[in-house]
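User: I haven't looked at this one before. Can you walk me through the side chains?

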Amino acid sequence: ITLCGSASAQTPAYFGQQIDEKGAISMAKLEKQMKDKDEMQTKVTGTVVECCQVKGCWMTIDKGDGTTMRVKFKDYGFFVPKDIAGKTAIMEGMARMETTSVDEQRHYAEDAGKTKAEIEAITQPTRELVFEASGVIIK
């Protein structure tokens with residue numbers, strides 16, 4: 001039983017468009033496939049590092065190299081539970097290289113509950129791999 005939008009440890013929870021795990025690639029494989037591309041439709045799996053603590057409107061996925069990929073949800077159409085750090089996510093959607101402004105990075109840091117000093121330390125835009133998910137499975 002899933003209560004209050006919390007992802008149960010026993011069964012997968014589905015958000016957004018109904019998807020399955022078939023064909024999901026690792027973060028390492030996604031990074032390799034994105035080397036020469038600006039965007040790519042794909043399905044990827046990884047471990048959730050953090051999630052928006054305001055309303056679950058974004059999450060970050062461990063890329064396996066000490067960095068993370070930000071995942072937003074298509075058309076702001078669905079959210080994920082706020083207590084999913086450490087869980088496995090399978091996401092289907094569009095991976096793309098984007099420049100994230102200082103203001104946007106600070107907004108995400110604020111949503112994640114970072115300290116004022118951590119937020120103020122963000123002073124440069126970053127070019128990074130981001131993902132817009134149309135559907136997500138949390139396991």
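User: Let's start with Y76. Is Y76 buried, partly exposed or exposed?
Analyst: This is a predicted model. In it, Y76 has a relative accessible area of 47%, so Y76 is partly exposed, as that class runs from 20% to 50%.

User: And F79, what is its relative accessibility?
Analyst: F79 is at 33%, and therefore also counts as partly exposed.

User: How many aromatic pairs are there?
Analyst: The structure holds three. One of them is tilted: F73 and F78, at 4.9 Å centre to centre with 40° between the planes.

User: Why is the pair of Y76 and F79 called edge-to-face?
Analyst: Because the planes of Y76 and F79 are at 85°, and over 60 counts as edge-to-face. Their ring centres are 5.3 Å apart.

User: Back to F73 and F78: buried or exposed?
Analyst: Both F73 and F78 are buried.

User: Other topic. Which rings does R70 lie over?
Analyst: R70 lies over the face of W58, at 4.4 Å from the ring centre. R70 also lies over the face of Y108, at 3.7 Å from the ring centre.

User: What about the largest nonpolar core, which residues touch the most other members?
Analyst: Those are L30, M59, V71, M91 and V136, out of 26 residues in that core. Elements that each supply at least two residues include α1 (27–34), β3 (58–62) and β5 (88–100).

User: Which element gives the largest share?
Analyst: β6 does, with five residues.

User: Where does W58 belong?
Analyst: W58 is in a second, separate core of five residues, which also includes C52, C57 and A112.

Definitions and conventions
Residues numbered from 1 in each chain as written. Predicted model: local features only at pLDDT ≥ 70, side-chain atom pairs only at ≥ 80, totals over all residues. Heavy atoms only, no water. Phe/Tyr/Trp six-rings, centres within 6.5 Å; stacked < 30°, edge-to-face > 60°. Buried < 20%, exposed > 50% of the residue type's maximum accessible area, 1.4 Å probe, protein only. Lys NZ or Arg CZ within 6 Å of the ring centre and 35° of its normal. Core = buried A, V, L, I, M, F, W, Y, C linked by side-chain atoms within 4.5 Å. Helix = DSSP H or I, 4+ residues; strand = E, 2+ residues; numbered from the N terminus.
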